[in-house]
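Colleague: I have the model open and I'd like a close look at one part of it. Could you take me through the small sheet and whatever sits around it, then work outwards from there?

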Amino acid sequence: KTYTKIFPEIVKDKRKFPVIVYESDAEYHKNGGPQMAGGHYSSFMRKLYIFQYPDDKDTKLVLYHEGFHQFLDDYLDEAPQWFNEGLGAFFGPSQYIPPKKGAMGGQGSMQLRPNPWRLKTIQAAISAGKVRHFADLMLMSQAEMYDEEWAGIHYAEAWSIIYFLVRGNAPPGKEAAPYFH
């Protein structure tokens, strides 16, 4: 539901998405998980793979991030890397808000939040003058996006662009009209 708030024109099948959760990062990596990843979505297998982090909120952040890749796979072949990873990083820190006590027929909801992993990284990169030119980021291949030295900055920069396009200058917790649909 959270993904479709941003992409309301997408008609979603009512299928369940397979998720494989490993007990630890060691088990995840032993079974083929990429070494620098906390999870991944395989479009070939159409399954999402993650491991249980010591902190549950980190597990959920990776689950929601990778879940977006799984969601997008049905609708867009060969999504640009910055777009795919930026949106994954945008949805990753979403938080479930339970219904208020005593609310009639109340359902919980998901609240979009700034990405704590990416916000600090992009702020530091901007301060250090270590960001990629917008056009370079837009045209990066997957290998370039995942370059070991730059991957964290690339993800943070992609996240910050998506955050602005979706949220504009609305503060966290306030709704903003998305710049794209």
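Modeller: Here is a walk from the sheet to its neighbours and on to the helices. Keep in mind that this is a predicted model.

Start with the sheet itself. It is open, has three strands in the order 1-3-2, and its pairing is mixed. Strand 1 (19-22) and strand 2 (39-42) are the edge strands; each has a single partner strand, so one side of each has no neighbour in the sheet. Going from one strand to the next, the twist averages 15°.

Now take the two pairings in turn. Strand 1 runs parallel to strand 3 (residues 47-51), and four bridges hold that pairing. If you want a place to look, find Tyr 22, whose bridge partner in strand 3 is Phe 51. On the other side, strand 2 and strand 3 are antiparallel, again with four bridges. There, Tyr 41 has Leu 48 of strand 3 as its bridge partner. Strand 2 and strand 3 also make a hairpin, with four residues between them. Look at Arg 46 in that turn: its phi is positive, at about 55°.

Arg 46 is worth staying with, as its side chain forms a salt bridge with that of Asp 74, at 2.7 Å from N to O. That pair links distant parts of the chain, with Arg 46 in the loop between strand 2 and strand 3, Asp 74 in the loop between helix 3 and helix 4, and the two positions 28 residues apart. Buried or exposed? Neither quite fits: Arg 46 is partly exposed at 32% relative accessible area, and Asp 74 is partly exposed too, at 26%. Asp 73 joins in as well, in a salt-bridge network with Arg 46 and Asp 74.

The count of salt bridges comes to five. One of them pairs Lys 57 with Asp 55, their closest N and O atoms being 3.6 Å apart. Lys 57 is exposed, with a relative accessible area of 57%, while Asp 55 is partly exposed at 33%. Another salt bridge joins the side chains of Glu 149 and Lys 130, with 3.6 Å from N to O. Glu 149 is in the loop between helix 7 (142-145) and helix 8, and Lys 130 is in the loop between helix 5 (116-128) and helix 6, 19 residues apart. Glu 149 is exposed at 59%, and Lys 130 is partly exposed at 29%.

Back at the sheet, look at what covers it. Helix 3 (residues 56-73) lies across strand 1, strand 2 and strand 3, and it runs at about 170° to strand 3. In the loop between helix 3 and helix 4 (81-91) you'll find Tyr 75. Tyr 75 is partly exposed, with a relative accessible area of 30%. Leaving aside residues up to four places away in sequence, Tyr 75 touches Ile 10, Val 11, Lys 12 and Asp 13. For a sense of scale, the C-alpha atoms of Tyr 75 and Trp 150 are 28 Å apart, with 75 residues separating them along the chain.

Next, the nonpolar interior. The largest nonpolar core has 27 residues, and those with the most contacts inside it include Phe 7, Phe 68, Trp 82 and Phe 90. Two or more residues each come from helix 1 (2-6), helix 3, helix 4, helix 6 (134-138) and helix 8 (151-167). Helix 8 contributes the most, with eight residues. Apart from that core lies another, of ten residues, and this one takes in residues you've already met in the sheet: Tyr 41, Leu 48 and Phe 51 are among them.

Last stop, helix 4 against helix 8. Their axes come within 7 Å and cross at roughly 75°, so helix 4 and helix 8 count as roughly perpendicular to each other. From helix 4, the contact includes Trp 82, Phe 83, Gly 86 and Phe 90, and from helix 8 it includes Tyr 155, Trp 159, Ile 162 and Val 166. Phe 90 is a good residue to centre the view on: beyond four places in sequence, its contacts include Ile 6, Leu 112, Trp 159, Ile 162 and Val 166.

Conventions. Residues are numbered from 1 along each chain as its sequence is written. This is a predicted model: local features need pLDDT of at least 70, side-chain atom pairs count only at pLDDT 80 or more; totals for chains, interfaces and linings use all residues. Side-chain values use heavy atoms; hydrogens and water are left out. Two strands pair if DSSP finds at least two bridges between them. Axes are lines fitted to C-alpha atoms, for helices over the stretch in contact, and angles run from 0 to 180 degrees between N-to-C directions. Contact means heavy atoms within 4.5 Å. Buried means under 20% relative accessible area, exposed over 50%, partly exposed in between (1.4 Å probe, protein chains only). A nonpolar core is a set of buried Ala, Val, Leu, Ile, Met, Phe, Trp, Tyr and Cys residues joined through side-chain atoms within 4.5 Å. A salt bridge is a side-chain nitrogen of Lys or Arg within 4 Å of a carboxyl oxygen of Asp or Glu. Angles under 35 degrees count as roughly parallel, over 145 as roughly antiparallel, 65 to 115 as roughly perpendicular and the rest as oblique.
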